[in-house]
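Q: Can you walk me through this one? I have the sequence and the model open.
A: Sure, go ahead and ask.

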Amino acid sequence: IDELYPVWPGHQPLLARLRDTYQHRSEHVDRRRDAVASGTEDREAIEHREIQRTVIGAEREALLRLRAEGAIDDDVLRTLERELDLEERSQGDPR
């Protein structure tokens with residue numbers, strides 16, 4: 001990601017968010033893998049997944065409300081729901 005800063009100078013906020021996301025993930029990979037291998041689970045990882053599930057659930061509710069209000073159509077709803085589905089799967093339980 002650091003190599004992309006000079007290539008995409010106008011997108012530094014996005015690159016910074018991506019860097020933070022991947023840094024956060026990498027910090028937890030070893031701990032998560034060790035916890036799964038030992039049959040225990042890192043409490044922080046469990047809490048992170050629960051927070052992410054809660055946020056995704058709230059996003060789904062907001063999408064349905066927007067469609068009911070006519071702010072988005074069914075095509076937009078399906079597209080955004082698919083993105084949420086993919087995000088939810090990426091946060092799945094490692095076991």
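**Surface, helices and core**

Q: How much area does the protein expose, and what share do carbon and sulfur atoms supply?
A: The exposed area is about 7,300 Å², with 53% of it supplied by carbon and sulfur atoms. Keep in mind that this is a predicted model.

Q: And how much of the protein counts as buried?
A: 15% of its 95 residues.

Q: What elements are there, helices or strands?
A: Four helices and zero strands. From the N terminus the order is α-α-α-α.

Q: How do the axes of helix 3 and helix 4 cross?
A: At roughly 175 degrees, and the axes come within 10 Å. Angles over 145 degrees count as roughly antiparallel, so helix 3 and helix 4 are roughly antiparallel to each other.

Q: Which residues meet there?
A: From helix 3, Ile56, Glu59, Arg60, Leu63, Leu64 and Arg67. They meet Asp74, Leu77, Leu80, Glu81, Leu84, Asp85, Glu87 and Glu88 in helix 4. By class, this contact has six nonpolar, eight charged and no polar residues.

Q: Switching topic: which residues make up the largest nonpolar core?
A: Five of them: Ile56, Leu63, Ile72, Leu77 and Leu84. Helix 3 and helix 4 are the elements that give two or more residues to this core.

Q: What is Ile72 in contact with, leaving aside neighbours within four places in sequence?
A: Leu63, Leu66, Arg67 and Leu77.

Q: Last one: what share of contacts with a separation of 6 or more comes from residues 24 or more positions apart?
A: 43% in this protein.

Notes. Residues numbered from 1 in each chain as written. Predicted model: local features only at pLDDT ≥ 70, side-chain atom pairs only at ≥ 80, totals over all residues. Heavy atoms only, no water. Axes fitted to C-alpha atoms, helices over the stretch in contact; angles between N-to-C directions. Parallel < 35°, antiparallel > 145°, perpendicular 65-115°, else oblique. Contact = heavy atoms within 4.5 Å. Nonpolar A, V, L, I, M, F, W, Y, C, P; charged D, E, K, R; others polar. Core = buried A, V, L, I, M, F, W, Y, C linked by side-chain atoms within 4.5 Å. Buried < 20%, exposed > 50% of the residue type's maximum accessible area, 1.4 Å probe, protein only. Areas by Shrake-Rupley, 256 points an atom, 1.4 Å probe, with all protein chains shown as cover.
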